[in-house]
Amino acid sequence: MSPIRTLDSLPLHETNGRAVFVRVDFNVPLQNRVVVDSTRLHAALPTISELQGAGARVIVASHLGRPEGSVNPDLSLRPVGQALAELLGAAVSFAADCIGDAAHETISRIGPGDVCLLENLRFHPGEKQNDPKFVAALAEPFDLYVNDAFGAAHRAHASVVGVPKHVTSRAAGRLVIREVQALERLLSEPSRPFIAIVGGAKIGGKSATLLNLVPRLDALLLGGGMANTFLAAQGKDLGTSLVERGELDTAKEVLKLAAGNKTRILLPSDLVVTDDPEAPQTVETVTADSVPPNLMAVDIGDASLAEFTEEIRRAGTIFWNGPMGIFERPPFDRGTFAVARAVADSAAHSVAGGGETVSAIQKSNLTERFGHISTGGGAALEFLAGSLLPGLQALQTTPTG
Ligand code: ADP
Ligand code: MG
């Protein structure tokens, strides 16, 4: 990948008093219009503070949820502005629209070192469509652009790929650089053994990542619903488990690729099965080739856990995406939490990504003990699939494509 411009390349001495458009990922969970998890706000602070310190007028923009191109008060970023103000210990002005008079007035009112937040970009259909008129309206007040929204870097949306084309200077923020460095370290000369632990519900959406990683890995550990499909591809009967019948060929392709590259595949040798994860009457552990026809696999068993833990203990580099079971419903959280603990305890360079995976790590209070926790699940998977993310391409020193 051609290098991407960093904040160091921005003419910061010239930003004094100049308006900088900063695309962040403030797609945070809200309950009753209050921010309940501010991880993504924290992650953007280094860039925002650095620009403030340089005397820029910092105009922050993000999407929130899926308003599908129209105004939805429940998905207003206003409460996020309040949470950001608390974190910064400074006022954050709010513009009730990301373009037009409301935006221009708020932007013109703030002074050097001040921050304002624009309303949800996705209230306009032009954001997702990368509509040239919307791009022009969004970019109008700016000649400096910073992208610190790693979680949106895989989307060719107006604020990600359109606005940077309209400005004279563009750069990646500190979070984007940190994410790219952590992920690049996995792809180029990882300390060995290099293992990936992949789980979650489905193969769909992760197959390109699996296919790109498998030749680079020493071992691939599979759990969760994802493992069921691999076990089914080996001819095992999985009862009422979640199995993606349409992905059996993908699973076979991954197994074949692994065999050809001498990458070991570890599938669960035993599984926790139940009749109903919501209201379990029966919970038992069975071997992976003896799942009863009326039960479903909802976690990896103790024998699998011991095998996985041993691999994790010996690893030099670990990538983890996807829980090992339906961890939202105890007791089916055991495998996931034990894997989180094992990765935290290992001396390996560890990188984790994925919405549910990160929430499981946070629930275990192990966040600090991971090498890197990606703020962008989908973007991290696409990066590791070997794609050049559109948002990063837009920041390259020598643009390609
Ligand atoms: P991430 O968000 O970390 O990328 P995914 O979205 O791929 O992870 O998958 C997370 C979901 O997978 C969780 O909600 C979990 O309940 C579900 N899951 C894990 N194992 C199973 C299983 N055996 N059967 C059904 N769902 C599962
Ligand atoms: Mg998820």
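**Surroundings of ligand 1 and a salt bridge**

In this predicted model, ligand 1 is surrounded by 19 residues, and the closest are Ala-201, Lys-206, Glu-328, Glu-356 and Thr-357. By residue type, this shell divides into six nonpolar, ten polar and three charged members. Several elements of secondary structure contribute to the shell: helix H10 (224-233), strand S14 (296-300) and helix H14 (355-363) each provide at least two of its residues. As for the site itself, ligand 1 sits in the second largest pocket.

A look at individual atoms helps to fill in the picture. Two side chains reach oxygen atoms of ligand 1: a polar side-chain atom of Glu-356 lies 2.6 Å from one oxygen atom, and a polar side-chain atom of Lys-206 lies 2.7 Å from an oxygen atom of the ligand. The backbone takes part too, with a polar backbone atom of Gly-225 found 3.3 Å from a nitrogen atom of ligand 1. On its own, ligand 1 has 580 Å² of accessible area, of which the protein covers 81%.

Turning from the ligand to the protein, side chains of opposite charge can pair when their charged atoms come close. The structure holds 14 salt bridges, and one of them joins the side chains of Arg-23 and Glu-127, with an N to O distance of 3.5 Å. This pair links distant parts of the chain, 104 residues apart: Arg-23 belongs to strand S1 (residues 19-23), while Glu-127 belongs to helix H5 (residues 125-129).

Key:
Residues numbered from 1 in each chain as written. Chains lettered and ligands numbered in written order. Predicted model: local features only at pLDDT ≥ 70, side-chain atom pairs only at ≥ 80, totals over all residues. Heavy atoms only, no water. Near = heavy atom within 4 Å. Polar contact = N/O pair within 3.5 Å; in protein donor to acceptor, adjacent residues only side chain to side chain. Areas by Shrake-Rupley, 256 points an atom, 1.4 Å probe, with all protein chains shown as cover. 1 Å grid on protein atoms, 1.4 Å probe; cavity = no way out; pocket = protein on both sides within 12 Å on 5 of 7 lines; lining within 4 Å. Sits in = over half its atoms within 2 Å of the grid points. Helix = DSSP H or I, 4+ residues; strand = E, 2+ residues; numbered from the N terminus. Nonpolar A, V, L, I, M, F, W, Y, C, P; charged D, E, K, R; others polar. Salt bridge = Lys/Arg side-chain N within 4 Å of Asp/Glu carboxyl O.
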